[in-house]
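Open the model in your viewer and keep the sequence panel visible. The stops below go from one selection to the next.

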Amino acid sequence: VASKETKPEPTIIKVLDLVLGGGNVGVIAGPCSVESEQQILESAHKVKAAGAKGLRGGAFKPRTSPYAFQGMKEEGLKLLAAAREATGLAIVTEVMTPHHVELVAKYADILQIGARNMQNYHLLQAVGEIRKPVLLKRGPSATMEEFLLAAEYILDQGNQEVILCERGIRTFETHTRFTLPLATVPYLRERTHLPIVVDPSHGTGIASLVAPMCAASVAAGADGLIVEVHPDPQKAVSDGAQSLTPDAFVFAMEQSRKVAHAL
Ligand code: PEP
Ligand code: MN
């Protein structure tokens, strides 16, 4: 169903002012985790001013350690909805279990399936049953075939609004947190009509590398970017090292726009 042979024209996903697919570059930005009302509202206003049309922020967080901050849960979802009311940004947030799909869908505009859950087939089927777009992240060790088949699990339930997100894979290289393979973008472009988004924040793990990789993703033909931005990255409860300050995000947007209009 994801194949271009089935549907040659690009799938265009529109939520509020966020448009993904069909030649547009839609930008989603915000903190890794929702931490407080002040933090998410400030993030929302700043990323909007820089040109983002979507706001990201995790309320249910898949942390490597069970002792790490696990997210603000429903309270975080309410703060995201309040940030949408204040700014008009489309809300993108992760859902980790089929039991929470209804709850997360009540507040979010786009449901994120995290990299760790790319092959959680019951979760994929559960988000396939709702009628809101799903941003599906590539598993850190998933092949393109596995990635596309994970998307099929959602499509097969009747939900046609799937966004594919390259967020980096695990390789022998330890210099960066993950290795970000940008050939994913033109490769998937040849195979599927679904929108393709890149996450240079998780893909590199290093804030200084994010702006160039945003620009490179745009150059490769990405339909969108999802970028971690925090009002004060040093105080972030998760992923501070890869989070941009609002000013650094403005710079990343400028660099990406230059590429979009290059030559
Ligand atoms: C995130 O978006 O904060 C996140 C946990 O991403 P991933 O699932 O790609 O690690
Ligand atoms: Mn994160």
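Begin by selecting β4, helix α2 (residues 73-87) and β5, which make a right-handed β-α-β unit. Helices (H or I, at least four residues) and strands (E, at least two) are DSSP runs, numbered from the N terminus. A crossover is called right-handed if, with the strands pointing away from the viewer, the path from the first strand over the helix to the second runs clockwise.

Before going on, note that this is a predicted model: local features need pLDDT of at least 70, side-chain atom pairs count only at pLDDT 80 or more, and totals for chains, interfaces and linings use all residues. Residues are numbered from 1 along each chain as its sequence is written, and chains are lettered from A and ligands numbered from 1 in the order in which they are written.

**The barrel**

Now select β3 to β10. These 8 strands form a closed barrel in the order β3-β4-β5-β6-β7-β8-β9-β10, with parallel pairing (two strands pair if DSSP finds at least two bridges between them). On average, neighbouring strands of this sheet are turned by 25° against each other, direction ignored. Axes here are lines fitted to C-alpha atoms, for helices over the stretch in contact, and angles run from 0 to 180 degrees between N-to-C directions.

Stay with β5 (residues 90-94). Parallel to β4, it pairs over 3 bridges, and Ala90 is the bridge partner of Gly54. Towards β6 (residues 110-113) there are 3 bridges, also parallel, with Glu94 opposite Gln112. Helix α3 (residues 101-107) links in here: β5, α3 and β6 make a right-handed β-α-β unit.

Is β5 enclosed or not by the rest of the structure? It is largely enclosed, because 5 of its 5 residues are buried (20 or more other C-beta atoms within 10 Å of a residue's own; exposed means 12 or fewer, partly exposed in between; C-beta atoms are placed from the backbone). Ala90, Val92 and Glu94 lie on one side, Ile91 and Thr93 on the other.

**Strand β3**

Next, select β3 (26-30). Both of its faces are covered, with Gly26, Ile28 and Gly30 buried on one side and Val27 and Ala29 on the other. β3 pairs with β10 in the parallel sense over 5 bridges, where Gly26 has Gly224 as its partner. To β4 (residues 54-56) it is joined by 2 bridges, again parallel, and Ile28 is matched with Gly54. Add α1 to the selection: it packs on the sheet, touching β3 and β4, and its direction makes about 150° with that of β3. Contact means that the C-beta atoms of two residues, placed from the backbone, lie within 7 Å.

**Helix α9**

Select residues 246-260, helix α9. Its 15 residues should span 21 Å at 1.5 Å a residue, and the end C-alpha atoms are 21 Å apart, which agrees (the expected span is 1.5 Å times one less than the number of residues). Phe249, Ala252, Met253 and Ser256 are its buried residues. They cover an arc of only 100° around the axis, so they are on the same side of α9; the arc is that of the directions from the helix axis to the C-beta atoms. On the other side, Asp247 and Lys258 are exposed. The cover over the buried residues includes β3, α1 (37-50), α8 (207-220) and β10 (224-228).

**Arg191**

Finish at Arg191 in helix α6 (residues 184-191). Arg191 is partly exposed, with 15 other C-beta atoms within 10 Å. Leaving aside neighbours within four places in sequence, Arg191 is in contact with Ser3 and Lys4.
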